[in-house]
Amino acid sequence: MKHFFICVIFVLSLKGFSQDFNYGLLIGGNFYDIEIDGPISGGAANSDINLGLFGEYIMNENFGLKLYGIYNTTNEVASYDIPNVGRAFNGVRLKTLQAHLLTKFDVNKEYNKGFYLTGGFRLTSILDKNARDDQELLDDFYKKSNVGVLLGLGINFSKSLSIEVLADRNLTNTLDSENNTAKNYGFYLNLLFDISNLTSKN
C-alpha cells in the first residue's frame, strides 16, 4: 500500500507543470488467459477491483499522454501441473503495483469528447504472492516484474467520466524459468473519473 501512496503523490505533483493537465481516479478490473510454452500447464486469472490514479497531459486537440498508477489483486485460478511431480498448487493470489504509459488519440477534433483510441506499455511489479489452499509457493516461481503492451479504445461521456477497454499482452516472461514461457492474453476494463475540473478554481 505504501507504493500506491507514492503513486498518488507523483501523479498529483505533475499538475503543477502544466495547465493542460488532467488527473483523477480509476477503478476497474482485468482478466487474462495463461498459455505456457514448456512442460507445465497454464490457466486463467481475474482481478479484484483495480484501484488507481491517472494523470493526462493534453498535447493538442487530438493527442495526449496518459499515466496510470494501479494497485491490483489478481487471482490466478491456474492449476500448475509439473510432469513427474504432479500439481504444484491450485491457484495464486498476486498483489501488484502497475504503471501504464499510454498515448491517446481523440477521433473528434476536440479533446475529451467522444471516442478515442489509446495504447502503450504496462509495467507490473509483484508486491506479494501467496498460493491458495495452504500450498507452498516457491519464492522464485514468478519474476518480480514484467512488461506488457496495451491497445484499446474508450469513450468520454463527459469531461469528468470515461470508460475504456484495453487488450493486454505480456512482452516479457512472467515466470522465472528458462524452460517455461508464459503468454498472457487478456484485457482491462477501466472507468475513469476526472476530478481536476471539480478541484479547479476556474
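**Figure 1. Burial across the whole chain.** Of the 202 residues of the chain, 44% count as buried. The model is predicted. The chain holds two helices and 11 strands. Along the sequence, the elements follow the pattern α-β-β-β-β-β-β-β-β-β-β-β-α. Take the contacts between residues at least 6 apart in sequence: 65% of these join residues at least 24 apart. The chain exposes about 11000 Å². Carbon and sulfur atoms supply 59% of that area.

**Figure 2. The largest nonpolar core.** This core has 12 residues. Among them are the aromatic residues Y32, F141 and Y142. The core also includes I34, I36, I40 and I126, along with V92, L94 and L175. A45 and A182 belong to it as well. Strand 1 (21–37) and strand 7 (92–106) each supply at least two residues of this core. Which strand gives the largest share? Strand 1 does, with three residues. A second, separate core has nine residues, including L26, F54, Y68 and I70. In soluble globular proteins, nonpolar side chains tend to be buried together.

**Figure 3. An aromatic pair inside the largest core.** F141 and Y142 are both members of the largest nonpolar core. Both residues are buried. Their ring centres lie 5.1 Å apart. The ring planes meet at 80 degrees, so the pair is edge-to-face. A pair of aromatic rings is described by the distance of the centres and the angle of the planes.

**Figure 4. A tilted aromatic pair between strands 1 and 11.** The count of aromatic pairs comes to four. One of them joins F31 and F187, with ring centres 5.3 Å apart. How are the planes of F31 and F187 set? They stand at 35 degrees, so the pair is tilted. F31 lies in strand 1 and F187 in strand 11, 156 residues apart. The pair therefore links distant parts of the chain. F31 is partly exposed, at 37% relative accessibility. F187 is partly exposed too, at 38%.

**Figure 5. The salt bridge between D37 and K183.** Seven salt bridges are counted in the model. In one of them, the side chains of D37 and K183 meet at 3.1 Å, N to O. D37 lies in strand 1, and K183 lies in strand 11 (residues 181–194). The two residues are 146 apart in sequence, so the pair ties together separate parts of the chain. Are these residues buried or partly exposed? D37 counts as partly exposed, at 42% relative accessibility. K183 also counts as partly exposed, at 28%.

**Figure 6. A buried salt bridge between K66 and E164.** The closest N and O atoms of K66 and E164 are 3.6 Å apart. K66 sits in strand 4, and E164 sits in strand 10 (residues 161–170). The pair links distant parts of the chain, 98 residues apart. K66 has a relative accessibility of 3%, so it counts as buried. E164 is buried as well, with a relative accessible area of 1%.

**Figure 7. A salt-bridge network around K104.** Which residues are linked in this network? E56, K104 and D106 are. The side chains of D106 and K104 meet in a salt bridge at 3.9 Å, N to O. D106 has 0% relative accessibility, so it counts as buried. K104 is likewise buried, at 2%.

**Figure 8. A nonpolar patch on the surface.** This patch covers about 840 Å². Its residues include Y57, M59, F63 and L65. F105, V107, F115, L117 and L153 contribute too. Strand 4 (63–76) and strand 8 (114–131) are the elements that give two or more residues to the patch. L117 is placed in strand 8. This leucine is partly exposed, with a relative accessible area of 44%.

**Figure 9. V107, a loop residue of the patch.** Where is V107 found? V107 is in the loop between strand 7 and strand 8. Leaving aside residues up to four places away in sequence, V107 touches F115 and Y116. Of these partners, F115 belongs to the nonpolar patch, as does V107. The C-alpha atoms of V107 and I155 are separated by 9.9 Å. Along the chain, V107 and I155 are 48 residues apart.

Methods
Residues are numbered from 1 along each chain as its sequence is written. This is a predicted model: local features need pLDDT of at least 70, side-chain atom pairs count only at pLDDT 80 or more; totals for chains, interfaces and linings use all residues. Side-chain values use heavy atoms; hydrogens and water are left out. A nonpolar core is a set of buried Ala, Val, Leu, Ile, Met, Phe, Trp, Tyr and Cys residues joined through side-chain atoms within 4.5 Å. Buried means under 20% relative accessible area, exposed over 50%, partly exposed in between (1.4 Å probe, protein chains only). Helices (H or I, at least four residues) and strands (E, at least two) are DSSP runs, numbered from the N terminus. Patches are made of residues with over 30% relative accessible area and no salt bridge: like charges are joined within 9 Å, nonpolar side chains (Val, Leu, Ile, Met, Phe, Trp, Tyr) within 5 Å. Accessible areas come from the Shrake-Rupley method with a 1.4 Å probe; for residues, only the protein chains shown count as cover. A salt bridge is a side-chain nitrogen of Lys or Arg within 4 Å of a carboxyl oxygen of Asp or Glu. Contact means heavy atoms within 4.5 Å. Rings of Phe, Tyr and Trp (its six-membered ring) pair if their centres lie within 6.5 Å; planes under 30 degrees apart count as stacked, over 60 as edge-to-face and the rest as tilted.
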